[in-house]
Amino acid sequence: MILTFKVFLPAAYIGVNIGTALSDMPHPTQVVALLKAQKIRHIRLYDSDRGMLVALANSGIQVIISIPNEQLLGIGQSNSTAANWVSKNVVAHYPATNIVAICVGSEVLTTLPNAASILVNAMRFIHSALVASNLDRQIKVSTPLPSTMILDSFPPSQAFFNRSLNSVMVPMLNFLQSTGSYLMLNIYPYYDYMQSNGVIPLDYALFKPLAPNKEAVDANTLVHYSNVFDATVDAAYFAMAFLNFTDIPVVVTESGWPSKGDLNEPDATLENANTYNSNLIKHVLSKTGTPKSPGIALSTYIYELYNEDLKPGPVSEKNWGLFDANGKPVYILHLIGSGSVLANDTANQTYCIAKGDADSKMLQAALDWACGAGKVNCSILLQGEPCYEPDNVNAHATYAFDAYYQKMGRNPEACDFNDVAAITTTNPSHGSCVFSGSLGKNGSFGNITAPSLNSTIANSSGHCFGSVTFAASFMVLVQLVLWSLILL
């Protein structure tokens with residue numbers, strides 16, 4: 001099967017979903033400040049909150065807005081209701097706010113089956129309202145589908161959509177094709193792995209390199225798959241082809257990995273979340289496409305920007321975010337070598353510290369190396385100098401390790417020291433002992449304030465702003481820049 005797309009898609013980019021089920025949700029202006037600081041140029045909202053859309057005005061950030069599931073029945077049954085929604089939530093903000101697509105519900109066919117009969121009508125009514133406003137070419141209409149709708153997904157060449165939903169899928173795909181839109185797909189290799197009873201290896205779910213004999217092979221096409229993500233995307237292409245649609249591209253509207261879980265979720269860890277999202281970003285931006293669709297752009301939105309502590313369910317549901325509510329990164333993404341994805345390095349303000357549980361003899365050996373062969377000026381650690389106290393090997397090693405790490409341009413490989421060191425976003429400076437990485441370009445930080453606005457925000461999908469001063473948030477942004485996504 002050769003895929004030929006009539007729809008023009010820009011080069012593949014990485015976006016981020018923004019859920020709002022936080023007990024202390026940042027103000028919209030703080031959210032936008034974080035997006036700008038991280039160079040995030042594409043986002044997806046789970047609603048069309050006015051406060052967010054106003055804050056995003058003139059930012060250049062491309063925005064997907066959403067119609068929540070609970071509004072679908074009204075819109076799907078009334079053309080005028082759809083027209084009013086577009087007037088209020090799109091026309092009132094565009095083009096200052098760069099709205100590029102509208103999600104009509106989210107995972108409707110599996111989470112709200114009673115709305116299945118009106119879903120395509122809702123999409124048509126919204127599109128008609130965009131046509132009436134001459135915005136249909138600038139703003140696409142689609143609806144995110146869960147990958148679980150694809151049955152017999154491996155091998156991908158045998159995949160097909162749940163046949164009980166064909167009465168909805170066929171007119172939906174006709175709509176996407178005729179309007180030049182794309183299939184929105186939510187892909188969660190974490191759940192595929194967890195539910196496979198050991199059939200799916202963890203490395204295969206995490207994009208980790210596999211030996212050729214460990215790759216999954218589609219016996220029908222002899223195509224090799226080295227990760228769940230690519231196999232799922234190709235399964236979607238084959239499922240569409242099964243219904244005779246071969247020219248509709250895919251945009252992945254949700255994908256990610258939780259950084260924390262319950263006792264029965266041992267693989268929801270910081271390390272695995274970091275590995276998955278780092279590898280996902282590099283894979284998407286490598287522009288390789290998938291094995292069956294090489295070179296075809298596969299833009300993807302990471303789930304999600306913030307940890308959502310108010311989400312119901314297991315611990316993992318609350319821990320998919322890249323940042324906490326204060327804008328502090330949950331972990332530092334490993335993006336070295338990703339080319340244009342980085343402005344400078346993995347983070348503008350990161351530090352290298354000695355691990356608290358490291359063996360003292362190994363710490364001492366690493367400290368001696370840093371102050372010797374590593375050519376770190378350790379005179380500040382001498383008695384009477386600012387960083388002498390506390391007088392212990394862990395504190396002294398932390399200073400020496402960080403000085404070396406900063407000198408080497410914050411290359412993550414410069415913070416290893418035989419595995420007795422780790423990168424952190426917490427400034428280890430104390431008292432008069434100021435670490436070099438804690439200084440801004442001019443050796444100081446500025447304060448910025450912004451007026452407070454009120455905003456009512458809807459929750460994110462079923463996997464689907466509180467009061468923090470902007471000055472405080474800005475300080476966090478300046479000091480704790482985690483990763484940079486250049487979205488073309």
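A salt bridge, as I will use the term today, is a side-chain nitrogen of Lys or Arg within 4 Å of a carboxyl oxygen of Asp or Glu. With that in hand, I can start with the charged residues of this chain, and I should say at once that what we are looking at is a predicted model.

By that rule the count comes to 5 salt bridges, and I will take you through some of them. Glu308 and Lys311 meet through their side chains, at 3.8 Å from N to O, and Lys311 also forms a salt bridge with Glu317, where the closest N and O atoms are 3.9 Å apart. Glu308, Lys311 and Glu317 are therefore linked in a network of salt bridges, given the 4 Å cut-off. As for their surroundings, Glu308 and Lys311 are both buried, and Glu317 is buried as well.

Another pair has another setting. Asp203 and Lys208 form a salt bridge at 4.0 Å, again N to O, but here Asp203 is partly exposed, with a relative accessible area of 32%, and Lys208 likewise counts as partly exposed, at 27%.

Now, side chains of opposite charge can pair when their charged atoms come close, which leads me to a residue without such a partner. How far from Asp267 is the nearest side chain of opposite charge? That side chain belongs to Lys208, and it is 9.2 Å away, so that by the 4 Å rule Asp267, although buried, has no salt bridge. Asp267 is found in the loop between strand 12, residues 250–255, and helix 11, residues 270–285. If we leave aside its neighbours within four places in sequence, Asp267 is in contact with Tyr190, Tyr193, Leu202, Trp257 and Asn272.

Let me step back to the chain as a whole, for those of you who are seeing it for the first time. The protein chain has 14 helices and 17 strands. Of its 488 residues, 56% count as buried, and the accessible surface comes to about 20200 Å², of which 52% belongs to carbon and sulfur atoms.

Helix 1, which spans residues 28–37, is mostly covered, with 7 of its 10 residues buried. The buried residues of helix 1 are Pro28, Gln30, Val31, Val32, Ala33, Leu34 and Leu35, and the helix is followed by Lys39, whose phi is positive, near 55 degrees.

I would next like you to find Tyr301, which lies in strand 15, residues 300–302. Is Tyr301 buried or exposed? Tyr301 is buried, because its relative accessible area is 0%. Tyr301 also brings together parts of the chain that are far apart in sequence, since Tyr301 and Val16 are separated by 285 residues, while their C-alpha atoms are 4.7 Å apart in space. In addition, the side chain of Tyr301 makes a polar contact with the side chain of Tyr13, at 3.1 Å.

There are also some backbone details to point out. The peptide bond from Tyr303 to Glu304 is cis, with omega near 10 degrees, and Glu304 is found in the loop between strand 15 and strand 16, the latter being residues 351–354. A cis peptide bond also joins Tyr94 and Pro95, with omega about 10 degrees, and Pro95 lies in the loop between helix 4, residues 79–91, and strand 4, residues 98–104.

Further along, in the loop between helix 13, residues 393–407, and strand 17, residues 421–424, we come to Phe417. Phi of Phe417 is near 50 degrees, a positive value in a residue other than glycine, and Phe417 is buried, with a relative accessible area of 12%. Asp419 is found in that loop between helix 13 and strand 17 too, and although Asp419 is not a glycine, its phi is positive at about 65 degrees.

Finally, a word on confidence. The protein chain averages a pLDDT of 83, and 84% of the residues score at least 70. Over residues 336–347, however, the pLDDT is below 50, and this stretch has 30 contacts in the model beyond near neighbours in sequence. Over residues 464–488 the pLDDT is also below 50, with 104 contacts in the model beyond near neighbours in sequence. Where pLDDT is low, the predicted coordinates should not be read in detail.

Key. Residues are numbered from 1 along each chain as its sequence is written. This is a predicted model: local features need pLDDT of at least 70, side-chain atom pairs count only at pLDDT 80 or more; totals for chains, interfaces and linings use all residues. Side-chain values use heavy atoms; hydrogens and water are left out. Helices (H or I, at least four residues) and strands (E, at least two) are DSSP runs, numbered from the N terminus. Buried means under 20% relative accessible area, exposed over 50%, partly exposed in between (1.4 Å probe, protein chains only). Lys and Arg count as positive and Asp and Glu as negative; His and the chain ends are not counted. Contact means heavy atoms within 4.5 Å. Accessible areas come from the Shrake-Rupley method with a 1.4 Å probe; for residues, only the protein chains shown count as cover. pLDDT is the predictor's confidence in each residue, from 0 to 100. A polar contact is a pair of N or O atoms within 3.5 Å; within protein, one must be able to donate a hydrogen and the other to accept it, and residues adjacent in sequence count only if both atoms are side-chain atoms.
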